[in-house]
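Colleague: I should be grateful for a close look at a single part of this model, with an account of how that part is placed and what surrounds it. Please then connect it to the rest of the assembly.

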Amino acid sequence: MIRGLCFFLIGVAAIQVAGWVGLPKALYVTKAQPFEYRHKTHAEKSGSAECDGCHTLGADGVFAGLPKTESCAACHTEPQGKSAAEATLVSSYVKTEKETPWLVYARQPANVRFSHAIHTKRAKLACERCHGKHGESDTLRPYQENRISGYSRDIWGRSISRWKRVANEGMKMDDCEGCHKQQGFDTGCLSCHR
Amino acid sequence: MKTQKPRRYGMVIDLDRCTGCGACMTACAAENNVAPGHAKATPRTGLTPMLVQRVSNGGAGADRREVFIPVTCMHCEHETPCVTVCPQQAVELDKATGIVNQMPQRCLGCRYCMTACAYHARYFNWWDPEWPVGMERTLNPGVAVRMRGVVEKCNFCHGRLHEAEDKAAAAGKAEIDPADYRPACVEACATQAIVFGDLNDPASDVRKASRHEDSFRLLARLGTEPKVYYRSKQEWVRGLAERGQQEVRRG
């Protein structure tokens with residue numbers, strides 16, 4: 001009887017461990033960025049640490065997102081050093097005039113409308129509020145893609161259970177809605193969907 | 001921080017100006033990523049969030065009169081039938097804009113709303129949307145493509161409202177410039193038969209036009225308070241307003 005109960009409890013424990021530790025690991029696949037990029041170095045060399053120096057917001061409210069290859073080509077017509085990243089950038093993208101297929105940590109599903117103009121200009125939120133200290137980073141952190149949904153892990157957040165969630169972690173609809181409700185803003189569906 | 005005061009977007013369509021060219025239908029499909037019709041699609045199973053209907057007075061020879069009536073979602077304001085019947089809460093009347101919003105991601109495809117809609121303004125996606133190779137580049141990034149199995153309809157080109165809001169926010173303004181928000185059909189109409197704007201704004205053209213003595217609404221007797229108005233100087237055209245679609249088709 002006692003022996004059977006022990007086996008049962010061991011089994012339950014094993015399943016719990018597999019579910020909470022193993023499954024999250026299996027759910028995400030880590031993908032490599034096309035090449036290494038250092039925000040810190042670029043901020044130092046350009047003399048500007050302002051995000052919107054490269055990630056521009058147009059006067060018409062359209063957020064440009066990531067800079068195009070032609071912006072890179074302004075300095076990187078030839079490799080600036082001997083690193084593999086330099087060689088890849090120049091040979092694969094600058095010379096061929098192709099856009100770099102960056103894996104975007106904060107990419108939302110296609111039916112989500114997020115306005116950088118409204119959040120940064122009207123609500124005066126800092127970029128770091130959602131993107132963390134990405135602009136000061138010396139390396140691109142690993143990009144983890146959900147095998148089922150295809151979305152970045154940043155959308156759900158680091159913690160699978162979302163228990164004791166760190167502030168600003170995750171960009172699910174609940175997270176958007178939570179803040180909007182708190183601030184007393186309109187939460188009509190098509191305000192944030194398209 | 002201010003947000004914009006509630007608006008009631010609506011439109012007035014001048015039937016005496018409509019030539020039935022169909023530019024509004026084409027502009028609507030292009031703007032809202034409506035895929036080219038499936039080979040098996042019929043007028044009932046195809047997707048025409050804006051549909052120009054041809055109606056006659058039933059006369060023959062010199063007595064015959066015809067009119068083109070562009071029919072779209074009427075954005076009913078009172079007991080909006082589609083909102084009332086939806087079991088998924090996938091449809092809502094947005095208090096901020098007066099626009100009846102359809103959320104395709106929440107829709108389970110039961111089509112109660114299509115039955116409830118007196119104007120046949122709702123359409124079901126019977127097939128996966130498919131574009132001929134190369135044409136996918138013409139897709140509008142501001143509008144999400146709908147999947148097979150969900151209902152869709154006109155939302156007054158909500159993507160354009162988003163663009164206008166973004167522009168206002170970038171300029172530091174709380175209110176959008178009314179000139180920045182015009183649905184695709186309004187823009188495409190060659191005879192400028194459609195006037196669009198905020199019915200709450202006393203200075204707007206749409207409010208004045210909606211209160212003109214020639215203006216009327218389709219099936220106003222149902223009491224759903226549509227925000228799409230029509231106008232015509234012709235008595236018989238105004239008389240069509242209270243007739244059901246079947247009666248109109250029979251002429």
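Modeller: Beyond its neighbours within four places in sequence, His55(A) is in contact with Ala64(A) and Gly65(A). The model is a predicted one, and the description below should be read accordingly. His55(A) belongs to the loop that runs between α2 (39-46) and α3 (69-73) of chain A. Pro67(A), 12 residues away from His55(A) in sequence, has its C-alpha atom 6.3 Å from that of His55(A). His55(A) counts as partly exposed because it has 16 C-beta neighbours inside 10 Å, whereas 20 or more would be required for a buried residue.

Helix α3 of chain A, at one end of this loop, contains Ser71(A). Ser71(A) is likewise partly exposed, since 13 other C-beta atoms lie within 10 Å; a count of 12 or fewer would make a residue exposed. Between Ser71(A) and Cys54(A) there are 8.5 Å from C-alpha to C-alpha, at a separation of 17 residues along the chain.

As to the wider assembly, chain A meets chain B through 21 residues of chain A in contact with 21 residues of chain B. On the chain A side, α5 (116-122) and α9 (189-192) are the elements that each give two or more residues, and α5(A) gives the most, namely four. By class, that side comprises 10 nonpolar, five polar and six charged residues.

In chain B, an open sheet of four strands follows the order β8-β1-β10-β9, with mixed pairing. Its edge strands are β8 (194-198) and β9 (215-216), each of which pairs on one side only. Strand β1 (residues 9-14) pairs with β8(B) in the antiparallel sense over five bridges, and Gly10(B) has Gly197(B) in β8(B) as its bridge partner.

Both β1 and β8 of chain B are among the elements that give two or more residues to the largest nonpolar core. This core has 52 residues, and Met11(B), Ile13(B), Cys185(B) and Ile194(B) have the most contacts inside it. Residues up to four places away in sequence aside, Ile13(B) touches Cys18(B), Pro70(B), Ala193(B), Ile194(B) and Tyr230(B). A second, separate core consists of nine residues, including Ala117(A) from chain A and Ala164(B), Ala170(B) and Tyr181(B) from chain B.

Note on methods. Residues are numbered from 1 along each chain as its sequence is written. Chains are lettered from A and ligands numbered from 1 in the order in which they are written. This is a predicted model: local features need pLDDT of at least 70, side-chain atom pairs count only at pLDDT 80 or more; totals for chains, interfaces and linings use all residues. Two strands pair if DSSP finds at least two bridges between them. Two residues are in contact if their C-beta atoms, placed from the backbone, lie within 7 Å. Ala, Val, Leu, Ile, Met, Phe, Trp, Tyr, Cys and Pro count as nonpolar, Asp, Glu, Lys and Arg as charged, and the others, Gly among them, as polar. A nonpolar core is a set of buried Ala, Val, Leu, Ile, Met, Phe, Trp, Tyr and Cys residues joined through C-beta atoms within 7 Å.
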